[in-house]
Amino acid sequence: MQQVLKNYSGIILVLVGITVGSIIGIVAPEIVAYIKPLGDIFLNLLFVSVVPLVFFAVANSIASLEQDSKFGKILLIMSFTFLFFILTAAVFTIGAVYIFPVSSISGSKEIIAETAQEENWGDRIVSFFTVGEFTELFSRKNMLALLIFAFLTGFATRKAGENGKPFRIFIASGYEVMKELLLMIMKIAPIGLGAYFAYQVATLGPQLFGFYAKPLGLYYIAGIVYFFVFFTLYAFMANGQTGIKSFWKNAVYPTLTALSTCSSFATMPTNLVAASKIGIPSSVANLVIPIGTTLHKNGSSMSSIIKIYIAFQIIGRDFFEPSNLLLALAITVFVSIVAGGIPNGGYIGEMLMISVYSLPQEAIPAVIIIGTLVDPLATVLNAVGDIVAAMFVGRFVKV
């Protein structure tokens, strides 16, 4: 019994914190504003720690790989895995809305959507991949640019040979230090996650039973089925029965973190710890999980399909027309890649959806509201999906 308590004490404390937070959010929502700063402090500590962790983890992985071909193989298998998972989630959701159609949905004109600032595509592409100032690089708003810089730094370290050895040691040491820092921050997770969960329950809870109950119910049911069935299947494909046991034994903490914070970035540290306990090679996990946080999103894939479907319901058009379905899959892949790993990061994708389908503006509030309300489960699917993706990649790459 003592061994069980020792192994699961962190999870038990987090569950206690979340339970207490949920009760506060339900019975005393008026005091949530006073305890939410505790959650914000915890989240901010995670955010400022995750950015250097990503840099050191990716740069160290590339610098320490023995063979160039290994890196190429990891990237190739990772890309295939991400695309396969994203499309599987989208096709599964299309099947769900076809079998369980949602009717009697209409737009809400009382809610005004914020529209994205006008910016040409050339500028967007430049800002998506690069930044103009070094200081802007270390921001979670510019994660793809940071990943690219980390890649280049890792390659440069390898090419420097013996002259680059001190810097290689610095990168490896920096990664270990950042891991320890994050473990220290996670000690206050029960308080931080509990406070944030109280906020989630108090603010989102009442809306779940209103106007959007049907599409939200469909998403949450389909998402939970996907979470348990497909993640189990992926873990089995990665390492058989052993893979299933090790995945579910170590996926609890990341799941609770994602559910509480609605942030893939905040979940990344627990993902890396879980990956280490599962036995995924660090050279694989340190690439797949940070990159997956930005480019791989099962939950966003599913919510994208739901939002497109609901928008079509609002305006009375046939979502299941083949050309509309193909466009939906293309948009889903794009949205899953572009949407940031921060709460409510899918607005660019939603505006793209409205633009591509030439949908009227009355559809915008509906898709934005749905995007906000599905965020907790979507983040769980996004973040925890990175662990099983790393297992999947590790299955085919022997490092």
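This tour moves through a predicted model, from a buried serine to aromatic pairs, then to the nonpolar core and two charges placed over rings.

**First stop: S301**

Select S301, which you will find in helix α13, the element that spans residues 298-315. With a relative accessible area of 0%, S301 is buried, so colouring by surface exposure will not bring this residue out, because burial here means under 20% relative accessible area. Now display its polar neighbours: the side chain of S301 reaches the backbone oxygen of I86 at 2.8 Å, and a polar atom of that same side chain lies 3.4 Å from the backbone nitrogen of A90. To see the wider surroundings, add the residues that S301 touches beyond four places away in sequence, which are I86, A89, A90, T332 and S336.

**Second stop: aromatic rings around Y234**

The whole structure contains 32 aromatic pairs, and a useful one to select next is formed by Y226 and Y234, whose ring centres are 6.5 Å apart and whose planes meet at 70 degrees, so the pair is edge-to-face. Y226 is buried, with a relative accessible area of 0%, and Y234, at 1%, counts as buried too. Keep Y234 on screen and add F231: the centres of these two rings are also 6.5 Å apart, but their planes stand at 40 degrees, so this pair is tilted. Both F231 and Y234 belong to helix α9 (residues 213-250), where they are three residues apart and therefore separated by about one helical turn. Like Y234, F231 is buried.

**Third stop: the largest nonpolar core**

From F231, widen the selection to the largest nonpolar core, which has 108 residues and in which F231, F247 and F319 are the residues with the most contacts. If you colour this core by helix, look for α2 (residues 32-64), which gives the most to it, with 14 residues. Then centre on F247 and show the residues that it touches beyond four places away in sequence: F231, which you have already visited, together with A235, I278, V384, I387, V388 and M391.

**Last stop: charges over rings**

Where does the charged end of K36 sit? Select K36 together with Y199, and you will find that charged end over the ring of Y199, 4.8 Å from the ring centre. Finish with R395 and F396, where the charged end of R395 sits over the ring of F396, at 5.2 Å from its centre.

Notes:
Residues are numbered from 1 along each chain as its sequence is written. This is a predicted model: local features need pLDDT of at least 70, side-chain atom pairs count only at pLDDT 80 or more; totals for chains, interfaces and linings use all residues. Side-chain values use heavy atoms; hydrogens and water are left out. Helices (H or I, at least four residues) and strands (E, at least two) are DSSP runs, numbered from the N terminus. Buried means under 20% relative accessible area, exposed over 50%, partly exposed in between (1.4 Å probe, protein chains only). A polar contact is a pair of N or O atoms within 3.5 Å; within protein, one must be able to donate a hydrogen and the other to accept it, and residues adjacent in sequence count only if both atoms are side-chain atoms. Contact means heavy atoms within 4.5 Å. Rings of Phe, Tyr and Trp (its six-membered ring) pair if their centres lie within 6.5 Å; planes under 30 degrees apart count as stacked, over 60 as edge-to-face and the rest as tilted. A charge sits over a ring if NZ of Lys or CZ of Arg is within 6 Å of the ring centre and within 35 degrees of the ring normal. A nonpolar core is a set of buried Ala, Val, Leu, Ile, Met, Phe, Trp, Tyr and Cys residues joined through side-chain atoms within 4.5 Å.
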